[in-house]
Amino acid sequence: MKKVWLTCLCCLYAGWLFAQQTRVYSPERLAKIKAEPATHSKAVRSLLSQADKALKSTPPSVMEKTMIPASGDKHDYMSMGPYWWPDPNKEDGLPYIRKDGERNPELDKLDRNKLGRMAKAVTTLGLGYYFSDNEKYAHKAVDFLNVWFLDPDTRMNPNLIYGQTIPGRNNGLGRGEGVIDTYAFVEMLDAVELLKNSRAWTPEVEAGMQSWFAAFVEWLTTHPVAIQEKQAKNNHGLAYDVQVARYALFTGKEELARSIVAEFPETRLFKQIEPDGKQPLELARTTALGYTVFNLTHMLDMASIARSLGMDIYHATSEDGRSMTAAIGFLIPYLGKPQSAFPYQQIKEWDEKQNEGCWVLRRAAKYDPAAGYSQIAATYDKTSPSSRSWLLYDID
């Protein structure tokens with residue numbers, strides 16, 4: 001009995017400690033697993049194994065790209081629209097043409113994949129530090145952050161002016177769509193928050209990260225390229241709101257975050273979800289199930305951010321029934337079904353997106369425990385016991 005009481009006390013203390021820090025990850029879930037790691041030992045071991053691999057990797061930099069953005073400054077982030085390819089009917093391939101759902105391997109020449117690797121490494125190392133209390137993971141995570149955000153010789157400028165460029169179009173400038181390239185920072189910042197108790201997290205690192213993200217929030221809320229993304233009517237506009245709210249909270253701009261969260265149901269949910277739960281702009285894609293799940297994941301990220309502020313947007317419902325619950329209800333009948341049962345296109349990754357859909361249900365279960373979402377997910381989910389998802393989200 002005494003051991004159980006002490007375990008519960010540990011969970012409560014750790015949950016309190018991180019409740020105002022992690023915004024997407026469940027602080028209660030993190031604390032519970034840290035107090036009782038044996039409950040998901042395979043996932044913990046896998047995470048630490050991945051963290052060990054990250055220890056041996058070299059932090060990437062925007063300075064490594066061979067192409068130079070139109071500004072002439074390699075510190076400016078540059079990427080290419082993922083679904084744009086050389087025109088086979090043109091000798092020089094220009095201007096590029098769109099093949100929705102087919103990723104061009106030329107992306108590796110620029111910064112997007114490097115950014116993804118950096119954010120994933122920081123996330124893995126931050127979680128590795130949290131679950132192990134081993135300072136080596138924290139120091140390596142800070143090495144990655146220093147190279148990407150802080151070192152004057154290697155840092156990324158806090159803008160996405162050249163994000164998702166299309167060769168042969170727009171004079172080399174980027175597009176609003178490029179803003180979604182940094183969505184990985186949303187999850188990464190939760191891991192960064194977990195580093196703040198480490199010796200590696202110095203006042204200089206704190207000040208530098210705060211300064212970088214404050215400048216990024218300024219760019220996101222004022223620059224014409226970023227405003228294009230804010231005005232997007234599909235998953236891009238919704239993901240823009242999640243990013244700005246998360247970065248605002250990281251930099252102490254809580255009033256800005258609260259205003260975005262408060263407006264989110266009207267500005268995003270009710271405009272993107274039909275009363276029957278369909279998301280028409282996502283269903284129009286060649287990977288319709290994938291984009292439906294993708295956008296629901298972003299919605300749940302915002303619901304988690306709102307929850308950390310004591311706000312509830314998960315249950316927001318329009319007069320004609322538009323809501324996250326409706327969107328989840330649309331998804332459920334296709335879980336566990338063959339692709340032939342889905343009346344829209346999904347040209348790849350059917351099984352993978354099925355599993356991701358099950359995690360949408362698991363995450364939603366904490367807002368609506370009586371809906372039976374966890375049971376439905378358990379019926380169809382094939383997620384490996386070694387997946388870190390078991391460590392991060394409320395599913396009990």
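Colleague: Why is glutamine 164 called buried in this model?

Modeller: In this predicted model, glutamine 164 has a relative accessible area of 4%. Buried means under 20%, so the value of 4% places glutamine 164 in that class.

Colleague: What makes the backbone of glutamine 164 notable, and where does the residue lie?

Modeller: Glutamine 164 has a positive phi of about 55° although it is not a glycine. The residue belongs to strand β4, residues 162–165. Most residues other than glycine have a negative phi.

Colleague: Which phi does aspartate 133 have, and where is that residue placed?

Modeller: Aspartate 133, also not a glycine, has a positive phi of about 60°. Its place is the loop between α4 (112–132) and α5 (135–150).

Colleague: What makes the peptide bond between leucine 94 and proline 95 cis?

Modeller: Omega is about -10° for that bond. Proline 95 sits in the loop between β2 (84–85) and β3 (97–98). Most peptide bonds are trans.

Colleague: How many helices and strands does the chain contain, and why is the chain called as compact as a globular protein of its length?

Modeller: The chain has 16 helices and four strands. Its radius of gyration is 21 Å, close to the 21 Å that the globule rule gives for 396 residues, so the chain is as compact as a globular protein of that length. Buried residues account for 56% of the 396 residues.

Colleague: Where does pLDDT stay under 50?

Modeller: That holds over residues 1–20, for which the model has 18 contacts beyond four places in sequence. The chain averages a pLDDT of 94, and 95% of the residues score at least 70.

Conventions:
Residues are numbered from 1 along each chain as its sequence is written. This is a predicted model: local features need pLDDT of at least 70, side-chain atom pairs count only at pLDDT 80 or more; totals for chains, interfaces and linings use all residues. Side-chain values use heavy atoms; hydrogens and water are left out. Helices (H or I, at least four residues) and strands (E, at least two) are DSSP runs, numbered from the N terminus. The radius of gyration is taken over C-alpha atoms; the globule rule is 2.2 Å times the number of residues to the power 0.38. Buried means under 20% relative accessible area, exposed over 50%, partly exposed in between (1.4 Å probe, protein chains only). pLDDT is the predictor's confidence in each residue, from 0 to 100. Contact means heavy atoms within 4.5 Å.
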